[in-house]
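Hello,

Here is the structure I promised to pass on. Please open it first, then read my notes below.

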Amino acid sequence: MAITEGRNQRHRLHAAAPTAVTVPAPRVHGETIPTTGAGPVRYVWAAARIAIGWVFLWAFLDKLFGWGFATPAAKAWINGGSPTTGFLKGTADHTLGGLFTTLAGQAWIDWLFMTGLAGIGAALILGVGMRIAATTGGLLLLTMWAAELPLTTNPFMDEHIVYAIVLAGLALAGAGTTLGLGTWWATTPLVRRLPILT
């Protein structure tokens, strides 16, 4: 009788013990999908980070110096041109055109826009301050998207929305740690005090 009770008790304990359930990783054509923190995918995120960072930084440099790509030299910011006037005045016939055309050419808008382009671009290229860069970059892109409503080629989707989504992905994936200074940045005393700056 005692032996049977002992066996039953061991059986109950074994049945009650939690068992680890192994869920296989999703597979595509027999391959394991890598996570964002390991493998080649982290280099894809890093390349996307640097590429979008260059888009922002190049826009800043071209508007500042007028290198003739989107901004002629005569309209460069250093030559007295306004980096926001052309775009914002071009929104006059759009849904929110009244709001955006009143902002065109105002010095504080020019400074805010140019500081944003430079800061977001530099942060993305260096891989530091990814949360702030993604948030401010996303807001800037969504504002530019709103200025162009209604869109002429799609009911609601354009490159501004796509870039904003990718910026969110970059921040969530920790893309600043690969080919960037994100790991070092996270250990600085400033970022340790204010983790939002990671």
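Let me start with one side chain. Trp67 is partly exposed, with a relative accessible area of 44%. Keep in mind that this is a predicted model.

**The aromatic group**

Trp67 has a partner, Phe65. The two form a stacked aromatic pair, 5.2 Å centre to centre with 15° between the planes. The planes count as stacked because the angle is under 30 degrees. Phe65 is partly exposed as well, at 32% relative accessibility.

A further pair is made by Trp54 and Trp58. This one is tilted: the centres are 5.6 Å apart and the planes are at 40°. Why can these two meet? They sit four residues apart in helix α2, so about one helical turn separates them. Trp54 is partly exposed, with a relative accessible area of 44%. Trp58 is also partly exposed, at 23%. That value is not under 20%, so Trp58 does not count as buried.

These four residues belong to one aromatic cluster, together with Phe69. The count for the model comes to six aromatic pairs.

**The chain overall**

The chain has nine helices and two strands. From the N terminus, the order is α-β-β-α-α-α-α-α-α-α-α. Of its 198 residues, 31% count as buried. The exposed surface is about 12,600 Å², and carbon and sulfur atoms supply 69% of it. Among contacts between residues at least 6 apart in sequence, 58% join residues at least 24 apart.

**The cores**

In soluble globular proteins, nonpolar side chains tend to be buried together. Here, the largest nonpolar core has 24 residues. Those with the most contacts inside it are Phe56, Phe60, Met114, Leu117, Leu124, Leu140 and Leu167. Four elements give two or more residues each: α2 (41-65), α5 (107-126), α6 (130-147) and α7 (159-172). The largest share, seven residues, comes from α5.

Leu124 is a good place to look. Leaving aside neighbours within four places in sequence, Leu124 is in contact with Arg49, Ile52, Gly53, Phe56, Met130, Ala133, Leu167 and Leu170.

Apart from this core lies another, of five residues. Leu88, Phe100, Ala104 and Ile109 are among them.

**Helix α2**

This helix has 25 residues, which should span 36 Å at 1.5 Å a residue. The end C-alpha atoms are 36 Å apart, so the two values agree. Its buried residues are Ala46, Arg49, Ile52, Gly53, Phe56, Leu57, Phe60, Leu61, Asp62 and Leu64. Note that Arg49 and Asp62 are on that list. The cover over the buried residues of α2 includes α5, α6 and α7. After α2 comes Gly66, with a positive phi near 65°.

**Helix α6**

Helix α6 has 18 residues. From its first C-alpha to its last it reaches 25 Å, close to the expected 26 Å. Its buried residues are Met130, Ala133, Ala134, Gly137, Gly138, Leu140, Leu141, Met144, Ala146 and Ala147. What do they pack against? The partners are α2, α3 (85-89), α4 (97-103), α5 and α7.

**His160**

Is His160 in helix α7 buried or exposed? His160 counts as buried, because its relative accessibility is 7% and the cut-off is under 20%. A polar contact of 3.0 Å joins the side chains of His160 and Asp158. Leaving aside neighbours within four places in sequence, His160 is in contact with Leu141, Met144, Trp145 and Glu148. Of these, Leu141 and Met144 are among the buried residues of α6.

**Gly90**

Gly90 lies in the loop between α3 and α4. Gly90 counts as partly exposed, at 49% relative accessibility. The limit for exposed is over 50%, so Gly90 does not pass it. Gly90 and Phe100 are 10 residues apart in sequence, and their C-alpha atoms are 9.2 Å apart in space. Phe100 is one of the residues of the five-residue core.

Best wishes

Key. Residues numbered from 1 in each chain as written. Predicted model: local features only at pLDDT ≥ 70, side-chain atom pairs only at ≥ 80, totals over all residues. Heavy atoms only, no water. Core = buried A, V, L, I, M, F, W, Y, C linked by side-chain atoms within 4.5 Å. Buried < 20%, exposed > 50% of the residue type's maximum accessible area, 1.4 Å probe, protein only. Contact = heavy atoms within 4.5 Å. Areas by Shrake-Rupley, 256 points an atom, 1.4 Å probe, with all protein chains shown as cover. Phe/Tyr/Trp six-rings, centres within 6.5 Å; stacked < 30°, edge-to-face > 60°. Polar contact = N/O pair within 3.5 Å; in protein donor to acceptor, adjacent residues only side chain to side chain. Expected span 1.5 Å × (residues − 1).
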